[in-house]
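Let's take a walk through this one, starting with a single charged pair and working outwards from there.

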Amino acid sequence: MGAKQKLREQWNRYEAWNAAVADVIYPVCDHATPAYMDLEDDVLQRIASVADEQSADPGKALAAVVQGVTIVESGFSLEKIATRTRKWATKSVEPPPCLAFLALTVVAAEEMGNTDEGLAANAYYARLARLLGLSDGDQRLRRQYMDHVEFFWRRVNRWLENLEGERGLPTAFALNFRYVGLPMSQALVREADRQRFASMFSQYGLSPGMRLAPEEISTYLSEWLTTESSAATANLRRLWKRTDSHDRIASVAAVELANWDGASHEASVASRTRRALLVANLRSGFMDSTLDLAVALRPFDAEMNGQMEVLETSGKWSTIRFSPGTAGLWRTSYTESIDFRSILEGVVRLRHPEDQAGIEYKRFPSQVVPLVYDELQSAYVQAERLQLGVDALILVRNSGGTKNPASPVVEVEQVLNNCARPGFNKAESLEGLPEGWTLFSGVQLFAAPTGTKFNELVPLARNQLTVAGGLRLPSRIRKWSTLSPPEVRATAQEVSSLRVTLCELDTDREIGSWTTSTGTLVVPLSTLSLDDGDYQVSLFTGSNKVTQQISIRLRSAESVDEVGWNRAPRLTYSLDTPLGVLSASEEAAENIVVDGLACDGNTDITSTVHASRSIFWGKPRPAQARTLVSVGTPDPTSCVATGAHRIQLPTAYGGKAPKFIQGECSSCGLVKRYPGWLPKNRPARKRAGPWTDSSTIRIADLPDVETIDVHWDAALDALVHLGGGGIDSLENIARQLEGTALFVDTFVRTLEALGHIAVERDQRARPIRWELSPSCLAQTADGNYRLTGRWSKDSVNQIEELVGSQSLRRTIPTKGPTALVLTEVDESVLESIAELETATVVPESGPRLLQCLPRLSEVAASLHRTDLPGFESAERFDLGSATWMQTGDLGHPGAYRIRRGFESLYIYRDPHDVDNGLAAITSVQLAKHLAANASGRTFAFYVAKSQAVATPRGCELPGLYDRAVVAFSGSLPNSKEITIGPRKRKCLWYSSIDQHNADLLFTLLTT
């Protein structure tokens, strides 16, 4: 056999093993979980089987395959593998060629700690040398390994990132012992060990997605792994006894915590009581802000259906409904019926209706309630204590009055003045804020207070590197919008000097370096004008030792998510059925289809109604007060209400202080933990209050917390990057702009009305999937052309070069993304522009779309019917006042809002439905318009002088009717207060609609 043929066969064998490692170690998975090259015996056997290797010892077979491509005449060399790996495209989804070699390095790491072969427990290179048939002290092996191994692991991490977590999340990182630490990060801790970490996270109140430095998480590991009652495995306890393994175990635990979703995977739980939480969203309005609160829980039950029972203050168990959220968190769907003061001040008890003697979820009151921002939920979630550098809210009970020196509010405010980044806000009166409570918002803690009785304000971590803010893109991997990048926050409690660096992840090229002697640092990445790419932030404290590292991935519409685009549904609005006006689908249309602002076909409906200014509805009636349900069971004398816990602390026997001290209240069983690293001796001070060592931490030097306005352009750019998918990704983007259910609905309907996205809905009108609409040049009533759907930044720049900035007009509306409008462009230029994105030119987009739509009465007849749902209370939509009115009788046709437990449904009933006990569950807008349509009328009226159609606010046109009238002007309706005779009403004003098309619209809505 010739040398070339032999080498070719060796590479073929190597590539077969390389592919087998990829398939077995990194299989395609439904959920993004950390992926480790964990090579236990059974795993190696499966790899050998996939590689078609029949050897009885798969470890030796793998070593032989690697030997064949790395052992040359001059000795060991990784140049051939490195050359092929460098040629591997960095955006490829195919496995990199270095996997098989890395697998062998992990096999060597698996033997660390085994002294049976006469090697020291930490002798890594000698073990790898023996696998390759080399001498224990082979220096060429060491040099080649150190020259290439980091590059190889980076390529593996990049490959997993290219797949958007489809084959798992990267885990190969090493802060200390750079080269040996990489395979050790894969080999030391087994899968069974890693599964138990969730128990530790839950036990110590750590937050999902929290990013702690390995040295910080060692605090918890040391306690957890030396406590016999913990859920840690025997193997993990044994490993922890070896001090040289602490850094490795802590690094793995840090990766697991960063990717933890808050769920515990234990099948059994010792306690029959589980924790209920508060979840909050803060909505910033034009005049003021609004606080939205909800109750949340993480059920272990696989068959959780959302229906629970809650103990009311009156002693009655009542039904309460929860809706599923992200990462297994269920939260109350509607909060307006719950008295949240009773939730905050009483003991909340929840249970399954069918399990009345079983598990309960409880929430105990506290004078201070910290809520930490959870990226997975896009909401603030109640935590055991504040964390360094993260965004937080604090609810504080006004015991003794806010001006009383002993008031909790006074002490909390003093702590924040000393220890939090400037710019936080204090609100004593706010819509949604329970009476008797104060809210601190915009809180970012940068120093650990001492001398405060509120344990919730004291973080356990000493040093913290945090990447937060900006617009995070929904994905299996952590990435942000390039248009709205995050900021870097760093703090160190025990050293005053720290340094933060930002480097390109692949090349290590340093982009920026920032140092401080104040112990705190904030770096807004928005000031750096970074391009799409992968970056790494490193925190150095004191010496030049890396304390913590975090990867930052920036993406935009210029680098689309290929996996997401390939999986996105192809949605169009098929108007072969009237229901196509309400929901897009993947069904192909034979006659009439709407795709973005382009439409094919028409209905041949002619105008039979004259659009006029006449209205039938009057001034809205005053809103009826809603009865709030009190659910807490307060005991004003208990320690959980007063905060006067009797904490029993362990006896101090001297010696080295523990990293944290744990105590338990002898009355209520509350567990409190106190950092053991805080200063023991405080300087004398004249007045009482929390103290922090200002010589180490200087908060005043930090820039103020900035309130980030809604960034619609970054949101639309993010949607272009994603391409489409489940509605959860769309809602994730919306909640980051404003975290309320109302805004999520507004966000979806806004982008759908503008023609940027298509939305598929179920039979109850709930959005389920979405897709970015194709590129369109849609002509508006003034003859200009609006860009809708996907338009890349490069294409927009080319358009501007082609027509000039005067002809490409950018309009920033009060709601929605910036409108890009072409003015005074001739047909030939228009065609050239369309070729840039293969766009469709749509002349007269509004009239064309309107001519495709069915009559609203046909939509009503086609709706899915179901048995009339049971309810506890109901409201009927009163056509005369266009407001909801309380009723107990649903025996008449019309639109209704029914409430059962904490769930609200909107239904429509026609005479046939009433006779047969049926109802159609719809959206609120459609229900209102169907009720008016059934009476031969419409809420809309026409102002011929202004060429505008108006409707009462809250009566927006449903579905594609809304898109059609928006297309005339190319902009969303304005809100105006209109006076007609003696009546004044806030209305939505759709402009640029001529009389002829207004007549057609009114014909569709009334006949």
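R897 is buried, since its relative accessible area is 15% and the cut-off for buried is under 20%. Its salt-bridge partner is E875, with N and O 2.8 Å apart. E875 lies in strand β39 (residues 873–878) and R897 in strand β41 (residues 894–900), so this pair ties together parts that are 22 residues apart in sequence. E875 counts as buried too, because its relative accessibility is 9%. Keep in mind that you're looking at a predicted model.

Another charged pair to pull up is D913 and R865, where the closest N and O atoms sit 3.0 Å apart. This one links distant parts of the chain: D913 belongs to helix α25 (residues 911–916), while R865 is in the loop between α24 (856–862) and β38 (866–867), 48 residues away. Both D913 and R865 are buried.

So what does a salt bridge with partly exposed partners look like here? Try R766 and D762, whose closest N and O atoms are 2.8 Å apart. R766 has a relative accessible area of 43%, so it is partly exposed, and D762 is partly exposed at 25%. Salt bridges can also share partners: D38, E110, R190 and R194 are joined that way into one network. The full tally is 42 salt bridges.

One member of that network, E110, brings us to helix α5, where E110 is among the buried residues. The helix covers residues 99–110, 12 residues in total, and reaches 16 Å from its first C-alpha to its last, close to the 16 Å expected. How many of the residues in α5 are buried? The count is 12 of 12. Among them are L99, F101, L104 and V107.

Next, a bit of sheet. Strands β24, β25 and β26 form an open sheet in that order, with antiparallel pairing. The edges are β24 (573–574) and β26 (598–600), each pairing on one side only. β24 is joined to β25 (residues 593–595) by 2 bridges, and S574 stands opposite V593 in β25.

Finally, zoom all the way out. The protein has 28 helices and 47 strands, and 56% of its 1007 residues are buried. Of the contacts with a separation of 6 or more, 67% are between residues 24 or more positions apart. As for the surface, the protein exposes about 42900 Å², with carbon and sulfur atoms supplying 47% of it.

How values were computed:
Residues numbered from 1 in each chain as written. Predicted model: local features only at pLDDT ≥ 70, side-chain atom pairs only at ≥ 80, totals over all residues. Heavy atoms only, no water. Helix = DSSP H or I, 4+ residues; strand = E, 2+ residues; numbered from the N terminus. Buried < 20%, exposed > 50% of the residue type's maximum accessible area, 1.4 Å probe, protein only. Contact = heavy atoms within 4.5 Å. Areas by Shrake-Rupley, 256 points an atom, 1.4 Å probe, with all protein chains shown as cover. Expected span 1.5 Å × (residues − 1). Pairing = 2+ DSSP bridges. Salt bridge = Lys/Arg side-chain N within 4 Å of Asp/Glu carboxyl O.
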